[in-house]
Amino acid sequence: MTVQNNLQIGQMLIDAGIMTSEDLERGLKEQKKSGKFICTTLIEMGLLQEDTFLPILARKLNMPLVKIKTLDIKADVISKVPAKFATHYRLIPIALEGNAISLAVTDPLDIHTLDDLKLLLGFEIKPVLAGEKDILEAISRYYGVGADTLEQIVSEKSSGIDLAGSVEKTEDLESMAEDASIIKFVNQIMTQALAERASDIHIEPFENELRVRMRVDGILYDTPIPPTIKYFHQAIVSRVKIMANLNIAERRLPQDGRIKVRLQDSELDLRVSILPTSFGEAVHIRVLSSVFFLELEKLGFTDDDLNKIAQVIKKPHGIIFVTGPTGAGKSTTLYASLAKINSSSIKIITVEDPVEYQLRGIAQIQVLPKIGLTFATGLRSILRHDPDVIMVGEVRDSETAEVAIRASLTGHLVFSTLHTNDAAGGVTRLIDMGVEPFLISSSLECLIAQRLVRLVCPNCKVSYQVTKEALRDFNLGKEQENIEIFKGKGCSLCKFSGYKGRTGIHEVMLMNNALREMVIQKASSQQIKKKAIECGMRTLRQDGWDKIAKGLTTVEEVLRVTQQEELVD
């Protein structure tokens, strides 16, 4: 990029009235240091908006302006430009006509680069204008994450890998895992996960491919990656093992570890699980933020439910259960509750598997079954440390349930989780575990059932009328028939899913004398649920409907996560 080109584009921006000469002068000084395209520099400095200058630049240069997101670029067109060229020059091919290839670029005045590409590619170059962000997203989508890195490894063949076979020696694997290109590729996968707000990364080997998937808002999405990644499966697994301090020579047994990393100013705690499968080792990485940031008020509870929870978590003793399937956000609710009551005047101890978030001022114990440190043994030891509040990560067996409930009866406030479909089901689950009904009746203070529903994407939100079928599913009356609800059409910001972000739907069952009597009588969960509704409890679907009516989520989403709920007439 020449100084003359910078000045030429800068003058266009000044003539259009979207840039002052003083701002351009500042931008040119910064651009000399970075060597980036002048418009990129001005955007990074906050002096220019891409959407503002692109149409002006296209008009001044009499050049087409394209939105790459709206295009369906053919694979044979993409194959004409190697990933390393696309990444280095920040461009992407969009069409091929005879011996001419159309390239979307950010700087159409950089004639030297265009001439170089003409020689490198052997095509006549037709430049069209596009936004840099659009181009970078398209490179990731069409070439795959880290395509330029893998191309570099294949072309160099510096590692001595046999692409038709596999690396067997541990020393070869170790040297490959420490190769700068493999390190860069694994970092690119993690950076992509952070950019997409992924909670989990899955690296899965199959017979003829290696698949990378990421879980975003509870749903798994395929991550586009180059097909050549399959040749570097063992090197990638070994790199992850080295980061997690695991044994790279052991490929027959499952292994678990953790990685602490800093990516883009964010500290992440990565939980790694390695599992041997038929076609090699599969890797699962759970992405956790090292900083706990969710407050009880931000979890989707209604004001009424928040008031109920605020009262019960301040009680001096008793037990509070949060119920729901894996991934329903139970631990987050428990952490938020503990953070709410945490103070220097009370002692809080937790026993967890694993410790997901670090909470300041709270003693947290990691379960280690291999050495005999289970939930039950940890809980017994906790009781000798004079705690006021105890949190047990999960009640899995009768021994843990018995100790937790007896702890709540001896002057401790206990928090824990159960795997049940609804709040009332927690009572029958405890009885099934062998806990005496009179102990449950005496100790239980509250059961909170919850699910996570995806939020409608605010960028592509549209309204529509609710159907009678939806009203029937939610057991609602005719007065709701004309209500306006919302859904997402799908856009690039939400991966064309129509959803972005999640919130909770809940049912909060506070125990009272009537419910305690039913527990002693061993009433069924449906009978207990019916009585709780009569006493003011709102079911998961009712809470979900309120969020639908507020435009936060959709009918389909609430039905998806509450499909096993049986509504009481």
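**Pocket, cores and covered elements**

Helix H8 supplies the largest share of the lining of the second largest pocket, namely nine residues. The model before you is predicted, so local features need pLDDT of at least 70 and side-chain atom pairs count only at pLDDT 80 or more, while totals for chains, interfaces and linings use all residues. Residues are numbered from 1 along each chain as its sequence is written, and side-chain values use heavy atoms, leaving out hydrogens and water.

Let me continue with this pocket (an open set of points on a 1 Å grid over the protein atoms alone where a 1.4 Å probe fits, with protein on both sides within 12 Å along at least five of seven lines; lining residues have an atom within 4 Å of a point). The space in it comes to about 1,300 Å³. Forty residues line the pocket, and Glu137, Ser140, Arg141, Gln192 and Glu196 are the closest to its centre. Elements that each supply at least two lining residues include helix H8 (132–143), helix H11 (180–195) and strand S18 (499–510); helices (at least four residues) and strands (at least two) are DSSP runs.

I turn now to the interior. Which residues touch the most other members of the largest nonpolar core? In this core of 38 residues, they are Phe321, Leu430, Leu444, Met509 and Ile528. A nonpolar core joins buried nonpolar residues through side-chain atoms within 4.5 Å, and buried means under 20% relative accessible area with a 1.4 Å probe. Helix H16, residues 398–409, gives the most to the core, with five residues. A second, separate core has 35 residues, among them Val145, Ile189, Ala198 and Leu246.

Is Thr223 buried or exposed? Thr223 counts as buried because its relative accessibility is 7%. This residue is found in the loop between S6 and helix H12. Leaving out residues up to four places away in sequence, Thr223 touches Val145, Val212, Arg213 and Met214, where contact is heavy atoms within 4.5 Å.

Strand S7, residues 255–263, has two faces. Gln255, Gly257, Ile259, Val261 and Leu263 form the covered face, whereas Asp256, Arg258, Lys260 and Arg262 form the uncovered one. S7 runs antiparallel to strand S8, residues 266–277, and nine bridges join the two. Opposite Asp256, in S8, stands Ser273.

I close with helix H22, residues 540–549, which is mostly covered, with seven of its ten residues buried. Among the buried residues of H22 are Leu540, Trp545 and Ile548, but also Arg541, Asp543 and Lys547. After H22 comes Gly551, with a positive phi near 80 degrees.

Note on methods: Points joined across faces, edges and corners; volume = space filled by probe spheres on them. Buried < 20%, exposed > 50% of the residue type's maximum accessible area, 1.4 Å probe, protein only. Pairing = 2+ DSSP bridges.
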